[in-house]
Amino acid sequence: MRTKDIVERARSFAKPFRVTDGSDFRLKDVDPDDTLGIGSEDKSRAKEALATGVEALGQLQDMLYAQDRWAVLLIFQAMDAAGKDGTIKHVMSGVNPQGCQVYSFKTPSSEELDHDFLWRCIKYLPERGRIGIFNRSYYEEALVVRIHPEFLEKQMLPPELVTKDIWKERFHDIRSFERYLTRNGVVIRKFFLHVSKREQKRRFLERLENPEKNWKFSANDIKERAYWGDYMTAYEDVIRHTSTPEAPWYVVPADNKWYTRLVVASAIIDTLDGLKLRFPDADAEVKKELQKVRASLLAEK
């Protein structure tokens, strides 16, 4: 399949889930089980499309690295067991590791708590020519920190700065930060893998019943599940306030892993294609030198 056809197909998969203006966004309008009419009988074809997309993604990433003009930041947020790790693993399987960086953000350290809330993520922003992946991110500051006030207390902010408007202020700071990055050549795409509470339960039980998956389970996952409604409200608020044309959210149905991966891969392909990437041209002097080297190699006995 031609690259142009792959890109056009990728765009059709990704566009329905892109949010560039969150003012009217409602999370309940997105069905976690949605596959846009692609049934289980089409699952094998969807996997073939993913494989083709992964190959195209590898080629685009090669040009991104060679051109060395843009950096790409991919942010993944989700409830536990939504499939972030698996999606990153499968979608990025065709990418040269030399041009890709993955960072997972866990509970902040004491050093990180002594800095502003963006500091620990700023340290790991991708360089030009590379794709950076944040498995969770600074958005935790408007999600888990919002739901658990004790986490906010640990940040030791001056009391007068912790007002009823603190979340609106953080949304404003995040938008400004992402606008700054965009103006400096960092392309941002954000993915919320939207899994249903029912499917999360099924995956938790699978982790508990399968010895090879026990390591994936944490008792804290069950504790956080009790705050499901609060998290859905917080995610909706985040997407409503931080979706912009330059840094859109993709709210991806996540009850079917094969479909989730297809949509995410498609969104990344569409993004990279939009950068008009190409391999840099060698100037006349360099070409002349290359010809000399070629002649030298051919003259060897």
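This briefing walks through the pockets, cavities, surface patch and unusual backbone angles of the structure above. Keep in mind that the model is predicted. Its largest pocket holds about 1,400 Å³ of space, and there are also two cavities of 30 Å³ or more. On the surface, L157, L161 and V162 form a nonpolar patch, while L36 and A81 each show a positive phi without being glycine.

**The largest pocket**

- A good place to begin is the largest pocket, with a volume of about 1,400 Å³. Its lining is made up of 42 residues, and those closest to the centre are D80, K84, K106, R136 and D221.
- Two or more lining residues come from each of these helices: α3 (84-91), α6 (144-147), α9 (197-209), α10 (219-225), α11 (228-242) and α12 (257-273).
- Helix α3 provides the largest share of this lining, with four residues.
- Sorted by class, the pocket lining has 18 charged, 14 nonpolar and ten polar residues.

**The largest cavity**

- Turning to enclosed space, the largest cavity has a volume of about 100 Å³.
- Its lining consists of P108, E112, L113, H115, D116, F117, W119, R120, E141 and Q155.
- Helices α4 (110-113) and α5 (119-122) each give at least two residues to that lining.
- The classes here are four charged, four nonpolar and two polar residues.

**The second largest cavity**

- About 70 Å³ is the volume of the second largest cavity.
- Around this cavity you will find I6, R9, A10, F13, A49, L50, G53, L262, A265, S266 and I269.
- At least two lining residues come from each of α1 (3-14), α2 (43-67) and α12.
- The lining of this second largest cavity has eight nonpolar residues, two polar ones and one charged one.
- I269, one of the lining residues, sits in helix α12. I269 counts as buried because its relative accessibility is 2%, which is under the 20% cut-off.
- If you would like a distance to check in the viewer, the C-alpha atoms of I269 and S137 are 22 Å apart, with their positions 132 residues apart along the chain.

**A nonpolar patch on the surface**

- L157, L161 and V162 together have about 220 Å² of accessible area in their nonpolar surface patch.
- V162 belongs to the loop that runs between α7 (149-153) and α8 (166-183).
- With a relative accessible area of 36%, V162 is partly exposed, so it also passes the cut-off of over 30% that patch residues need.

**Positive phi outside glycine**

- L36 is not a glycine, yet its phi is positive, at about 50°.
- The loop between β1 (18-19) and α2 contains L36. L36 counts as partly exposed because its relative accessibility is 43%, which falls between the cut-offs of 20% and 50%.
- A81 is another residue other than glycine with a positive phi, near 70°.
- A81 is placed in the loop between β2 (71-78) and α3. A81 is buried, with a relative accessible area of 9%, whereas L36 is partly exposed.

Definitions and conventions:
Residues numbered from 1 in each chain as written. Predicted model: local features only at pLDDT ≥ 70, side-chain atom pairs only at ≥ 80, totals over all residues. Heavy atoms only, no water. 1 Å grid on protein atoms, 1.4 Å probe; cavity = no way out; pocket = protein on both sides within 12 Å on 5 of 7 lines; lining within 4 Å. Points joined across faces, edges and corners; volume = space filled by probe spheres on them. Nonpolar A, V, L, I, M, F, W, Y, C, P; charged D, E, K, R; others polar. Patch = residues over 30% accessible without salt bridge, like charges linked within 9 Å, V, L, I, M, F, W, Y side chains within 5 Å. Areas by Shrake-Rupley, 256 points an atom, 1.4 Å probe, with all protein chains shown as cover. Salt bridge = Lys/Arg side-chain N within 4 Å of Asp/Glu carboxyl O. Buried < 20%, exposed > 50% of the residue type's maximum accessible area, 1.4 Å probe, protein only.
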